[in-house]
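Work through these exercises with the structure open. Each task is followed by a stepwise solution.

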Amino acid sequence: MKGFSKQLHKLSSVFAIAGGTTLIILITLVVTSIIGRAVFSRPVPGDFEIVAVGTAISVFLFLPYCYLQRGNVAVDIFISRMPSWVQRAMDILAAVLFGFIAGLFAWRTVYGFSDTFNNEDISMILGFPLWLAYPFGIASFMLLSVSCFYTAIAALREPDNE
Amino acid sequence: MSSVQLALIGLAALIGLLVIRIPVAIAMLTVGIFGYVALSGFDPVLDYMKTAAFWQFASYEFSVIPMFLLMGEFASRSGLSRSLFGAANVFLGHRRGGVAMAAVGGCGAFGAICGSSLATAGTMARVAIPELERYRYSGSLATGALAAGGTLGILIPPSVALIIYAIAVQANIVQMFQAALIPGILGLVGYLAAISIWVHFFPESGPVGARASTAERLQALIETWPTILLFVVVIGGIYFGIFDPTEGAAVGAFGAGVLAFWKGRLDLGGLVSCIKDAAKITGMIFLILLGAGFLNIFMALTGVADQLSQLAANSGLNPYLILILLLLVYLLLGCLMDSLAMIFLTIPIFWPIMAGLDFGMPEADLKMWFGIVTLIVVEAGLITPPVGINVLIINHHAPNVPMRDTFRGVTPFLLSGLVRVALLILIPPITLFLPHLLL
């Protein structure tokens, strides 16, 4: 169980760093485009399309890391005053609920991928295929869902380690 | 069951889930999905979910959020906070209460390149608390000034909260940034005034510091020029339409990254930790964005927003009374929950109410004016008991000052904020002047 937890954290970090690298590439692209526009009057064509799709990719990749680092904010004012078993029960409930929703999104995004792929949806100006972002979404929602269920199981099994 | 009843049940369920500590995004997604299914059946919802996440995230406009967050991380790492506080201190330190004023000024300046209240309070505290202790400032003044100073960042652009609000009411981000500048500066001035009144009555709480020589002042100014340049380029560029907000954010993040690297503070490990911290907040915000998308569809299908809008318009109550009631709700909620989550949760309900009332100004102006006033009230929640996240952060950096002293220390700043809100409500041109001028 411990080893699996470590693997999940490691994988989510890799996802987050990949997402951050994507973000830095986008930032550099936009800056290049501005310089191109200002100095050579030639911006990078269709840069905003790359930024939009790239943002989706990096946000997808951030989601599992955010969850495992307990980044998703909650209103912690009533439950923190309850006995610890109530708190643990609520944490497990939250994790299971989140796990189902992430799983639902993973499942539906697979169909989104196949639809987008089959319809040959492309971006307006550059004409690159939009399905490119979907595999990142599927992988991230799957990792997210697994992380949630893992957290729930871990909380059930090893209450003292919480 | 009528659709309005369904909306009310949905809202009750949402509050219930929040109370039992379900993360805000999950609560919104759960209620949004169930409500959508209840009104339209399974198939449309399952169909919508295929592409919903992609289209919610693949947005050129929203890409400003991760970019500004990364800029803030780079800025926090680059040690700019030290030079900003130092510069403010050589000009203000010799006055009574001057070191605390310098801390507030440093917070304001840092908020101008960071955009997150928590990061501003945290980084500034690390630099300023030791100085304040060295000059024997009272614990409540020192920690109160820093906790309050951190909240300045929510208004001084680029602020992530401001962007979130603009997205939630579909306002123009550039105009929101313009509208926020004067109220933000007013906040800074108000906080400085609060300190000078405080030390007038309790002189021993804020002793005078050392007077700096002209050479030292010049040196301090030279050290801050890259920060000032970055702010002027990013915000000036956005204000005057040279960049759109995404371009401004990209330039800002790039500049802050280069600056941190140039100062020798951004090695590979530092870069990774900046990315991870930005990833955590970006993930949180965009998941709430996704949840808000579903919740908004549900609420739109019930038509409850129109009902509320009509109810408010036909209630016969004074519009200002309703505004004040809404602000009181914000003050209350602000004490309990994260400000960004709160904006997402409440705006879909509160904005239609506001839009239905007659304040004698066009809708675009109303969006700016209401937004600025709301954000000031929301920021007050960051320093109000029992949660007061900024206070917790400052307390972490000044462990020998009891939390109670810090909460007492923020009181004058809360009063100053109250005066500011009253001024802004009574005199809308303070907010609207700059966006109208630059139109």
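**Exercise 1: Two rings in chain A**

Trp131(A) is partly exposed, because its relative accessibility is 25% (buried is under 20% relative accessible area, exposed over 50%, partly exposed in between; 1.4 Å probe, protein chains only). The model is predicted: local features need pLDDT of at least 70, side-chain atom pairs count only at pLDDT 80 or more, and totals for chains, interfaces and linings use all residues. Residues are numbered from 1 along each chain as written, chains are lettered from A and ligands numbered from 1 in written order, and side-chain values use heavy atoms, without hydrogens and water.

Task: classify the pair of Phe113(A) and Trp131(A).

Solution.
1. Take the distance: the centres are 6.0 Å apart. Rings of Phe, Tyr and Trp (its six-membered ring) pair if their centres lie within 6.5 Å.
2. Take the angle: 80° between the planes. Planes under 30 degrees apart count as stacked, over 60 as edge-to-face and the rest as tilted.
3. The pair is edge-to-face.
4. Check Phe113(A): at 24% relative accessibility, Phe113(A) is partly exposed.

**Exercise 2: A residue in chain B**

Task: describe the surroundings of Ile195(B).

Solution.
1. Locate Ile195(B): helix H10 (residues 173–201) of chain B. Helices (H or I, at least four residues) are DSSP runs, numbered from the N terminus.
2. Ile195(B) is buried, because its relative accessible area is 0%.
3. List contacts (heavy atoms within 4.5 Å). Beyond neighbours within four places in sequence, they include Met101(B), Ala145(B) and Phe413(B).
4. Compare spacings: Met101(B) is 94 residues from Ile195(B) in sequence, and their C-alpha atoms are 6.8 Å apart.

Conventions. Helix = DSSP H or I, 4+ residues; strand = E, 2+ residues; numbered from the N terminus.
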